[in-house]
Amino acid sequence: MTRTWLRKLSSLFFVVCLISFAAIGCEETETGTGTGPTGGDGDGDTTGGDGDGDSTFTQLYNSPEFQMCQNCHAPGAPGFVDGTEATQDWSSEQAALSSLMGTASGLIGNFADCNGVDFIGETPEDSLLVAAFDETVRQNYDNPAFPDCNADTISDMTLNIGGALSTETRALLDQFIVEQNAAFILDLTGEYDAVDELTDEHWY
Ligand code: HEC
């Protein structure tokens with residue numbers, strides 16, 4: 001009995017160490033931008049944030065603003081018209097998440113210059129998904145591979161959802177993008193899988 005507990009305790013220690021290591025690793029690779037959100041999230045995940053319902057993307061998806069996307073961005077959506085960005089599929093959380101790993105498509109007119117652009121860049125400021133909701137990010141958006149996708153050709157999506165994102169939703173959006181990049185970097189080093197596997201077990 002005692003032994004089992006000791007083993008559990010030491011395994012728990014190991015997991016916490018791994019996660020802390022992962023969080024520190026991210027901070028180093030984020031070169032200053034978004035170190036706060038990355039670190040903060042690591043804490044959240046280790047202390048009871050392991051319920052699936054708590055993930056950043058779940059919260060983002062369920063925000064009032066992002067619940068509106070499916071009115072237009074989904075197969076057969078009532079608001080879909082010729083020229084609506086067509087890769088995104090907000091009909092379900094899972095579909096939304098995987099479609100966001102893709103690139104923009106279906107844009108017409110001057111918006112067509114952003115076809116082929118990643119929704120998620122290396123930072124929130126480099127992300128088309130953020131540029132569509134934030135005037136400052138849009139003005140500074142600079143994508144060397146798609147120089148014509150810029151403030152003149154990125155649509156202002158706040159017009160389609162009836163206003164700006166709330167502070168909370170905007171913070172979730174930034175956090176989601178920082179986490180995606182952290183997960184990607186860790187995935188390359190093989191550490192992410194290990195952490196993922198361990199945290200998927202129910203330790204608490
Ligand atoms: C009323 C319909 C409608 C809603 C609601 C809507 N969109 Fe759009 N979206 C469009 C259309 C149409 C375009 C193509 C550009 C244009 O015509 O403004 C577009 C383009 C985009 C683009 C590409 C921007 C560009 O110009 O390169 C992104 C990213 C995007 N939408 C994300 C979203 C997200 C995320 C939501 C929900 C928070 C959302 N949209 C809600 C209609 C909508």
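## Overall architecture

From the N terminus onward, the elements of the chain follow the order α-α-α-α-α-α-α-α. The chain therefore holds eight helices and zero strands, as helices and strands are taken from DSSP runs. The model is a predicted one.

Of the 204 residues in the chain, 26% are buried. Among the contacts between residues at least 6 apart in sequence, 49% join residues at least 24 apart.

## Confidence of the model

The average pLDDT of the chain is 79, and 67% of the residues score at least 70. The pLDDT is below 50 over residues 9-51, a stretch that has 48 contacts in the model beyond near neighbours in sequence. Residues 194-204 also have a pLDDT under 50. For residues 194-204 the model has 13 contacts beyond four places in sequence.

## The nonpolar core

The largest nonpolar core has 31 residues, of which Cys114, Leu128, Leu129, Val130, Ala131, Ile154 and Leu173 touch the most other members. At least two residues of this core come from each of helix 3 (56-61), helix 5 (128-131) and helix 7 (167-189). Helix 7 gives the most to the core, with six residues.

Cys114, one of the core residues that touch the most other members, is in contact with Ala104, Leu107, Leu128, Phe146, Cys149, Thr153 and Ile154, when residues up to four places away in sequence are not counted. Leu128 and Ile154 in this list are likewise among the core residues that touch the most other members.

## Helix 7

Helix 7 has 23 residues and reaches 33 Å from its first C-alpha to its last, which is close to the 33 Å expected at 1.5 Å a residue. Its buried residues are Leu172, Leu173, Asp174, Gln175, Phe176, Ile177, Val178, Glu179, Gln180, Asn181 and Ala182. Just after helix 7, Gly190 takes a positive phi of about 85 degrees.

## Surroundings of the ligand

There are 25 residues around the ligand, and those that come nearest are Cys69, Cys72, Glu85, Cys114 and Ser155. By class, the shell around the ligand consists of 15 nonpolar, eight polar and two charged residues. Cys114 thus belongs to two descriptions: Cys114 is listed among the residues that come nearest to the ligand, and Cys114 is also listed among the core residues that touch the most other members.

Glu85, another of the residues that come nearest to the ligand, is touched by His73.

## His73 and Phe146 in loops

His73 is placed in the loop between helix 3 and helix 4. His73 has 23 other C-beta atoms within 10 Å, and is therefore buried, the cut-off being 20 or more. Leaving out residues up to four places away in sequence, His73 touches Thr84, Glu85, Gln88, Asp89 and Trp90. One of these partners, Asp89, is 16 residues from His73 in sequence and 5.4 Å from His73 in space, C-alpha to C-alpha.

Phe146 lies in the loop between helix 6 (135-140) and helix 7. Phe146 is partly exposed because 19 other C-beta atoms lie within 10 Å, whereas a buried residue has 20 or more. Apart from neighbours within four places in sequence, Phe146 is in contact with Asp113, Cys114, Gly116 and Val117. The C-alpha atoms of Phe146 and Asn115 are separated by 9.0 Å, and the two residues are 31 residues apart along the chain.

## Exposed positions in helices 4 and 6

Ser98 lies in helix 4, which covers residues 93-99. Ser98 has 11 C-beta neighbours inside 10 Å and so counts as exposed, the limit for that class being 12 or fewer. Ser98 and Thr87 are eleven residues apart along the chain, with 9.9 Å between their C-alpha atoms.

Gln139 is placed in helix 6. Gln139 is exposed because 12 other C-beta atoms lie within 10 Å, and a count of 12 or fewer places a residue in that class. Between the C-alpha atoms of Gln139 and Ile154, which are 15 residues apart along the chain, the separation is 9.4 Å. Ile154 is itself one of the core residues that touch the most other members.

Technical notes:
Residues numbered from 1 in each chain as written. Predicted model: local features only at pLDDT ≥ 70, side-chain atom pairs only at ≥ 80, totals over all residues. Near = placed C-beta within 6 Å. Nonpolar A, V, L, I, M, F, W, Y, C, P; charged D, E, K, R; others polar. Helix = DSSP H or I, 4+ residues; strand = E, 2+ residues; numbered from the N terminus. Contact = placed C-beta atoms within 7 Å. Core = buried A, V, L, I, M, F, W, Y, C linked by C-beta atoms within 7 Å. Expected span 1.5 Å × (residues − 1). pLDDT = per-residue confidence, 0-100.
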